[in-house]
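Student: Could you take me on a close look at one sheet in this model? I'd like to hear about the strands, what packs on them, and any odd backbone spots around there.

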Amino acid sequence: MVGPRAMAVASMVVAAILARADGNPAAPKDGPAMKMLVCDACNAVMGWLAKDVKFLVETGKMWKPKDLRDRIGISCGDPMLPTGAMRDACGYLMADYNEGIARDVALRWTEGSEEFEEDIVPREFCEKLGVCKEGHKTLNHQISFAERKEKDLKWEKEQKAKDAKRKPKKKSKQDDEEEEEAEQPRRPRLASADDDSDSEDEMVTFRGGLMREEAPKQAAVGGGTSVAARCGSGGGGGTRPPGGMTMLGKVVAIADPRGSSRVIVCTLHPNERSGSDRSDNTVKETDTLLKAKPTDHRMPWILIQINDVTRGVLGLPGKLDPFKLWPIQMIGWKETSTLPLGRLKGQCLGRAGDLDAEERHALIEHQLDEHDVDFKDENLNEVEQIVIDADRNFPEEVAKRNDLRKKRIFTIDPATARDLDDAIHVDIDEERQEVEIGVHIADVGHFLKLGSLADKEAQFRTTSVYLIGRVLPMLPHALCNHLCSLNPNEPKLAFSAFFRLKIDTGELVEDPAPWFEKTAICSVCRLNYDEVQEVLDGKEIERPPVYGGYTWQHIYDDLFLLYDVCGKVRRGRFEGGALAISKQKMIFHTRESEDGIPTGYHLEHHSASHWIIEELMLLANRCVAKHLANSALNSSAVLRNHEAPDPKKAEKLSNLMKENLGLDWDAFDAGSIYKSCQAIYREYGSMLGLCVEMMAMRAGMKQAQYFVYNDDTDTRHFALDFEYYTHFTSPIRRYPDVMVHRVLNALLTGDEEGFQVEGFQVEDAALEQVAACNEKKAATRKCSEQLDRAVFCIFLRARKSWFYTVGTVLAFSQDSNKGDKDTITVYCSQLGKETKALLQAGSADLEQLGLFQDGVEDTLTLPESYRFCSRGLVELEWLPPDGVPGGRRRQCLQTLSCVPIVIIPTNTVPIDYSLFFVSPFHPQAERLSEQVPEVATRGFTWREAEVDGVEVVHDARAAAAASSAAEAVRPPPGLGGADD
């Protein structure tokens, strides 16, 4: 993509001329300086043009270099370039681009800016077009602008004459497609309210739309696709350079179309020509194209050719079901076409809102559908042989290891877990007042050899994918559920990390330092989190079986010892500067469901039973990471870091919290953020606390990443406040853990003669694998979020009721065009998602709003009117329903107000929900209000930040309050008033 620097260099040509023409004293006068500037700039212009058309020239889709030079009217030659001729040349060039940028650059250049003095024109581009860059050899203009224009017209006539001489060919379906495609309107690429962008400054559109990035060097399309673009100035949003000029970009070609072959989930519709009405979604006999509308609104519409295959599959001509989901693959996108072409790629997924269809939809959308296939026969055969060999060679292998089969080792996992990859033991040293902890991890790396068929498949998958009610495993079941799973009373091979903790403080003991061994273990008891929590709460449970000659009392004592020590470890970690973010997650109940649709849900609760295991796993991962980073094989060590938040965004949040809302907020480091959030929990309750934690996460905080250790990478994990961290404890479901096991094993088995490096990935192979792991981890996270959202909507539809809860007001947005797009952004902690609530007044038409209402016995009441009083205050006015006593009620919504909301599933594609405020007259309103402290219900008065030396000449809040009695409350749209 042509960036702002290249564009600005080209604009210097006009800048020089403008400066001289205006008689600016800062401009160089006639003579060597002026000629040198113009000549160098002219070279840059040709280099820029070459860069812009390189792809088109090489593919034969544009005129050849010589034709290009002739068309422009410039050729190599005399370095003494007449200024008047240069003006003509620049006028012609800039006519194809944009003169507004030139004015902006001229201003900066005349003010003495040296920003564009760097030579940025690549040599290969200049050589491709015959432009010489040696010394100060330049281009020479030979003909006037008028002559060039005449030459241009002559060239076009010659091309038309050549075309006319050609034999007319029979009109093909491709020609029909191009003609019909030319009539397509450009689809606006707008970011939805719930886009999952990591940053508010990331918005990339596909065709002629807005591109907005903080430091644009390359627009990313379809997973890193490089695009060529021309830039200019104009209206609209975007990054603004000095001088107030808005930068816009227009995509002219896709140079490296990576991701263009991916499958996109769409609904199918007739390709409506101008003036036609296809509201019934009927495809006619004469139609040649269909229009596929992606469920991801960031993607462009796709045209599909109607042929025998599509007719047979879709039953055309006839009506198309607008709710059916189809996998579509792009097959081409010409530079001259508004929309790309595509084809059907498989059978219908089902209707939007069906559980199976939504599950497949989420997998395809995030390119995880290849995980939802059975392992190949040759892969399963290899694993079967691995299991046979492992059983036969088990005694021999145990003899090489530390045999801990007699030790009291047990597991704590979710009740539904099938692959148990970690177990623990605790021994007390009364003399030293220490405990020895053993964290025993399934030794997957012992069975999964590098380069085997099972390993290659695991390298591709990199992770297990967790869906609603089932798992797509990284490893075949014979490995993950049988051979490697640490099931009770079954001897297993393990990779163990040992460390000692002080009983009184929970501090990690460094003498002896943590150590690691290959072991053989046999779990004596399997516990789940719910059972352990009930034990810690003093409740009686149905005791699970205990093996190995031990009793339930032994397990009981171990649990309370771990509870005591791990509690001190956790307390010390947070006091030392760690950060913990609480996020509620709905766990749907599907065990008793015949069709997979949830029968209920509960909120995931992070209890003591969870954090006991969490603290032990964190310690094991931390000890392994430090050992690897300080080892001789650290260049192959896979670690995990977490960068500090973006300073600008963190400062923006701090200003909002302290200056605008008057809250105590310190975001100096992870520990400060944690303490600030905890203070809000204590004073304002959990609803507001969860919301503020979410705001802290979104304020420039990035996702943690895997990386291969090197001296240039910051190894620190910001949230955990660890210098080194990795993943060692879940090799059954995460491939990076397998990579860590292999390097750690090489360190344990190495000797003075060196290490066996053939057992693990090194250098480029490790870097490539780590990049794939990061990509898949991000994809699985987004897939899970999409599926959770869809299943929640399916659950609401199935139970035929709406969802009432409490939401926190984040922001207000008033439609500057005085339309009906006023919104309030609300965060719902139970969903972990913020949503824009569209402000509407008057009676509610559920069908017009696209809301699902089949079998729902409830009433949606909208406010009678609403009014924006200030930047942080909106007033809603509610009327009582017919027959309900009482007068009007006014509801004030301020920033961070916790208020009752109702979530209603929509009858749309993709399946979604809408959010509305609950009328104070609704039966649910009082119940919900009781869940929130009054101080959290009020929210916070918005205060404009005071700036030293600035005098406040107008107080908007005071003015609004003074005029509130006289100001008319905003009427419902269409009912008359000042806005009509």
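**A five-stranded sheet and its surroundings**

Tutor: Sure, with the ground rules up front. This is a predicted model, where local features need pLDDT of at least 70, side-chain atom pairs count only at pLDDT 80 or more, and totals for chains, interfaces and linings use all residues. Residues are numbered from 1 along each chain as its sequence is written, and side-chain values use heavy atoms, with hydrogens and water left out.

Now the sheet. Five strands make up an open sheet in the order S30-S29-S28-S34-S35, and the pairing is antiparallel. Strands here are DSSP runs of E with at least two residues, helices are runs of H or I with at least four, and both are numbered from the N terminus. Two strands pair if DSSP finds at least two bridges between them. At the edges sit S30 (833–838) and S35 (913–917), each pairing on one side only. On average, neighbouring strands of this sheet are turned by 45 degrees against each other, direction ignored. For that and the angles below, axes are lines fitted to C-alpha atoms, for helices over the stretch in contact, and angles run from 0 to 180 degrees between N-to-C directions.

Zoom in on S28 (residues 803–813) and S34 (residues 898–905): six bridges join them in the antiparallel sense. To find your place in that pair, look for Thr805, which stands opposite Ile901 in S34.

Next, the helices, where contact means heavy atoms within 4.5 Å. H20 (residues 686–698) lies across S28, S29 (823–828), S30 and S34, and runs at about 45 degrees to S28. H22 (residues 763–799) lies across S28, S30, S34 and S35, running at about 80 degrees to S34.

As for backbone oddities, most residues other than glycine have a negative phi. Glu763 isn't a glycine, yet its phi is positive, about 50 degrees; you'll find Glu763 in helix H22. Leu896 is another non-glycine with a positive phi, near 70 degrees, and its place is in the loop between strand S33 (889–894) and S34.

How do these two residues compare in accessibility, buried or exposed? The cut-offs are under 20% relative accessible area for buried, over 50% for exposed and partly exposed in between, using a 1.4 Å probe and protein chains only. Glu763 has 60% relative accessibility, so it counts as exposed. Leu896 comes in at 0%, so that one counts as buried.
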